[in-house]
2 protein chains.
Amino acid sequence: MYIRNKDIRTILEKYKEISLLNHISALLGWDLSVNLPINASSGRGKQSAYITEKIVNLWLDPEFKKLIEQDYPNTLNNEEKGILRNLRYGAKYYYRVPKDIIVEKERTSSEAYPVWQKAKQENKFEDFLPYLKKLIELNQIIAEHIGYSKNPYDALLDRFEPEFTYDQGKVVFGKLQPALTSLIKRIKKSKLYFETDPLLNTDITYPQTSQNQLLNYVVRKMGYDYNSGRIDISSHPFTTNLDRYDVRFTVKYLDHDFRDSITSGMHEAGHALYEQAINPDFSETPLEGGVSLGIHECLSRFWENMIGKNPSFLKFATPLFQAFYTDQLKEKDDQTIARLFNQVVPGFIRIEADEVTYSLHIILRFEIENELINGKLKPEDLPEAWNEKMKKYLGIAPETNSQGVLQDVHWAYGEFGYFPAYALGNLYGAQFLAKMKKEIPFEKSLEKGELATVLYWLNENIHQHGSLYFPAELVKKVTGKPLDSSHFINYLENKYSEIYKLKKS
Amino acid sequence: MYIRNKDIRTILEKYKEISLLNHISALLGWDLSVNLPINASSGRGKQSAYITEKIVNLWLDPEFKKLIEQDYPNTLNNEEKGILRNLRYGAKYYYRVPKDIIVEKERTSSEAYPVWQKAKQENKFEDFLPYLKKLIELNQIIAEHIGYSKNPYDALLDRFEPEFTYDQGKVVFGKLQPALTSLIKRIKKSKLYFETDPLLNTDITYPQTSQNQLLNYVVRKMGYDYNSGRIDISSHPFTTNLDRYDVRFTVKYLDHDFRDSITSGMHEAGHALYEQAINPDFSETPLEGGVSLGIHECLSRFWENMIGKNPSFLKFATPLFQAFYTDQLKEKDDQTIARLFNQVVPGFIRIEADEVTYSLHIILRFEIENELINGKLKPEDLPEAWNEKMKKYLGIAPETNSQGVLQDVHWAYGEFGYFPAYALGNLYGAQFLAKMKKEIPFEKSLEKGELATVLYWLNENIHQHGSLYFPAELVKKVTGKPLDSSHFINYLENKYSEIYKLKKS
């Protein structure tokens, strides 16, 4: 990387401190989730808040702000442009939204969180409603400050997936939703469809040491560098970057289900492989780290679903599973294992959803958020709107708001516009996969467990670029086409027609 | 705690940031020793250096400096006085020593460290000699800047044990050395003396899980609060304070020796119990944390040696050891176990030394450091001086400098004056023990494993005070007398006469 522009060199010098504080903040967060003794949470809260405040102050430094906002010549190179673009993007929230609004949002969500927890427990939507209203209002105000060309929801979407708009979502999700709803109906009619999971039998236990050995084997096959990271246990698995050479992730082990540690472990390792393979020149600059939530989820869900639950990979893995769990898995052949990893059952809860139903949970939230932010749906009418869409898209409606509109923490945190990135990840992933299959012997590599071939392709085409390209540009660069949901639809059609022996639609 | 003085209130407000940064720095250090992936060390180095620089800058802030150095009325209360005294003590190094000297010392020791490592490996004292000379010179310069009334070595000693001087050391150590040397001679003549350790047999293995269970049991008995700390594994056990409610320590497990994890675990838990019991009002003030290295080592060595290796406690613990290690310890009664925990063998290496020989290793270094800093011993004559004193005090002399003058890292780090605090700990501990025995049924409690009685006494008399009193003041307050090495001499005489069936001297 060669930075010619003198002012951008100055920016990079200043940015190093932000990067360093971000990494320190990441350690405080990692340790909180993995190690913290219960009495230490208040102290840790103070430590994290202190570092966050230092970071915000560096962003708000007038000289830094001036350098970011001033005009630059048209002759900047790719990296220089990327650096400026990322800084202008990152600074938007702090530079445009008045500090008292940011503070009020933080205060309100701190108050809202315990209320939401209790309301969810007691199934009392009406208790959470006043906070929800206030948080929607604040998001509307924030959207006005940030600015947008057409739809205030766009200002919020952009915070989590740069440049993504409601109109784009309408096109890609609009095509996806009916295709998924119809695929689910067909799967449910298959003779091979089953709702009760024969592996979820509390009489059958899968020892944690075996799960851990298997996961380590697979993660090593994927190419995770243990010298530049580590794996720990936490109740909610996550990945975090403490340094270019310290990318850690966590897993959890379920006593009665061996699949979860493998696939959710591969999910987190997918995040980690991205961060571990970014061009080292980008370290400590605004080009470091993955470019967006959507691209990150794309890569993690790619490893989790498109590899970890791929029948070819499971063909390779079945003998391993049987060697580790001889008694538990006796008489299960690789086709049965493939069905066990790819069970499709419409349910109420997003985070428990399978690969086919998952995106419908997101599309529902995307449509509802748009209506809330635009004032077309009153918060008090939310439960009704929610249940109606659940019925329409997934064929089922929850009996309680706890299982419906109250299930996610995001709104209690005051975050609107976050969800779509999860579903975008699936779409990006399938489009990348279609391209990858033209360039490497994908299924054959998986059958042989040769995951390095896949990693090499991802490193070359995606990982190394870090935050150099914004998502839409990256998709175009890698696949030659703009984002198109038909790849994901085709992928699911083919995979699940095979697994459930469906007639092609 | 009630702080009336307005300026001291301002100081405390400012100090909070130093305290918070100290805790963040402690996390960076803890994670480095417990978790860090090998490739991440350079990144972590930068993070730690950044936080350290912030801390130094806060100390050097002119307004803070003025508040610390200005005159205060005589009417300050105990806490106010303690706060000022600790700050003036803590600031001495930064306020008096010119920055370029500090930087040069840091640079020289960074260069010296790898040279020392190699010189030790290859037994080449002459390779390390030029660095050692330079570091001694720099310490002489630092001593001049810090100032002293009589002996430049005092300025260095004070950095590690406040107010401790060479003259004091000469009195207490001068009495201790001949007593120890003579006790060792008598022990070596005992029929029960043995050099080869029957437990150090690589055919006998003590499973790590059992060692871990036993340690947890003992540490809980001691009163360690697991909700305000945690125990991990690291190659060099240590204790660190990440917050008033987050005091962590580490242990290591030797496959072929079950004693080490118990006694060195009790050592670290001893440090931790101190930090966990300090008056919470002192948190985030200059009164937080243990007062000195010497008092900290006093408490840790108290638990390690005066409790963990106490025959009464081992009487209680023997059935536990036998239950966990039925095969390994068969036919070992509690008297044999007591001898196994209290084996005395003069050796070359300080960190492997037993309770009796340990202080002699320190006294040797204390005398040598004094001569080096005062220019009475030339660095090139060090090996000879070392070996001569080893022969005189311990009856043995090393065959190589690697086993002699090159063994410790402290001088390569550029630290002179550090060692004596280790031996002072033993002296403080025995003096506290003598007092404790008058007030609680010490041996009886140990026989019953009732360690809470001991902790309660320590909390009341020592722990709670944190850094309110300087060591000499604390010793006086608790025991009514100044430091006197006769308590430690009597303690060893009685204990080892009993264990080795010696005639009383």
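Across the interface of chain B and chain A, six salt bridges are found. The model in which they occur is a predicted one. One of these bridges joins the side chains of B:E284 and A:K46, with N and O atoms at 2.8 Å. Helix 1 (6-34) and helix 2 (41-60) of chain B each supply at least two residues of the side of chain B that touches chain A. Helix 1 of chain B gives the largest share of that side, 10 residues. Sorted by character, the residues of the side of chain B that touches chain A comprise 16 nonpolar, eight polar and 11 charged.

The extent of the interface can be stated in several ways. In terms of residues, 35 of chain B are in contact with 35 of chain A. In terms of area, about 2,700 Å² is buried between chain B and chain A, and carbon and sulfur atoms give 56% of this. In terms of polar contact, there are 16 residue pairs between chain B and chain A.

How are the two chains related in space? A turn of 180 degrees, with a shift of 0.0 Å along the axis, lays chain B on chain A with an RMSD of 0.0 Å. That is the relation of a two-fold axis. The interface residues of chain B are, to 100%, also interface residues in chain A, so the copies meet through the same surface.

Further salt bridges between the chains can now be followed. Side chains of opposite charge can pair when their charged atoms come close. A:K54 forms a salt bridge with B:E17, and the closest N and O atoms of the pair are 3.6 Å apart. Because A:K54 lies in helix 2 (residues 41-60) of chain A and B:E17 in helix 1 of chain B, the pair joins two chains. A:K54 is partly exposed, at a relative accessible area of 29%, and B:E17 is also partly exposed, at 26%. Elsewhere, A:D31, A:R44, B:D246 and B:R248 are linked in a network of salt bridges.

Over all chains, the count of salt bridges comes to 64. Two examples within chain A follow. In one, the side chains of A:D484 and A:K175 meet in a salt bridge, 3.3 Å from N to O. This pair links distant parts of the chain, 309 residues apart: A:D484 is in the loop between helix 19 (471-479) and helix 20 (486-499) of chain A, and A:K175 is in helix 8 (residues 166-189) of chain A. A:D484 counts as partly exposed because its relative accessibility is 26%, and A:K175, at 44%, counts as partly exposed as well.

In the other example, the side chains of A:E367 and A:K389 form a salt bridge at 2.9 Å, N to O. Here the separation along the chain is 22 residues, with A:E367 in helix 14 (residues 358-373) of chain A and A:K389 in helix 15 (residues 382-394) of chain A. Are these two residues buried or exposed? Both A:E367 and A:K389 are buried.

Individual residues of chain A complete the picture. A:S19 is located in helix 1 (residues 6-34) of chain A. Its relative accessibility is 0%, so A:S19 counts as buried. Apart from neighbours within four places in sequence, A:S19 is in contact with A:E284 and A:E288.

A:I262 belongs to helix 10 (residues 259-276) of chain A. With a relative accessible area of 2%, A:I262 is buried. Which residues does A:I262 contact, leaving aside its neighbours within four places in sequence? They are A:L214, A:L215, A:V218 and A:F321. The C-alpha atoms of A:I262 and A:L214 are separated by 7.5 Å, although the two residues are 48 residues apart along the chain.

A:F348 is placed in the loop between helix 13 (334-341) and helix 14 of chain A. This residue is partly exposed, with a relative accessible area of 24%. Beyond its neighbours within four places in sequence, A:F348 is in contact with several residues, including A:H361, A:M390, A:I396 and A:P398. Between the C-alpha atoms of A:F348 and A:T479, which are 131 residues apart along the chain, the separation is 34 Å.

Definitions and conventions:
Residues are numbered from 1 along each chain as its sequence is written. Chains are lettered from A and ligands numbered from 1 in the order in which they are written. This is a predicted model: local features need pLDDT of at least 70, side-chain atom pairs count only at pLDDT 80 or more; totals for chains, interfaces and linings use all residues. Side-chain values use heavy atoms; hydrogens and water are left out. Contact means heavy atoms within 4.5 Å. Buried area is the accessible area (1.4 Å probe) that two parts lose on being put together, summed over both. A salt bridge is a side-chain nitrogen of Lys or Arg within 4 Å of a carboxyl oxygen of Asp or Glu. A polar contact is a pair of N or O atoms within 3.5 Å; within protein, one must be able to donate a hydrogen and the other to accept it, and residues adjacent in sequence count only if both atoms are side-chain atoms. Helices (H or I, at least four residues) and strands (E, at least two) are DSSP runs, numbered from the N terminus. Ala, Val, Leu, Ile, Met, Phe, Trp, Tyr, Cys and Pro count as nonpolar, Asp, Glu, Lys and Arg as charged, and the others, Gly among them, as polar. Copies are superposed by least squares on the C-alpha atoms of residues with pLDDT of at least 70 in both. Buried means under 20% relative accessible area, exposed over 50%, partly exposed in between (1.4 Å probe, protein chains only).
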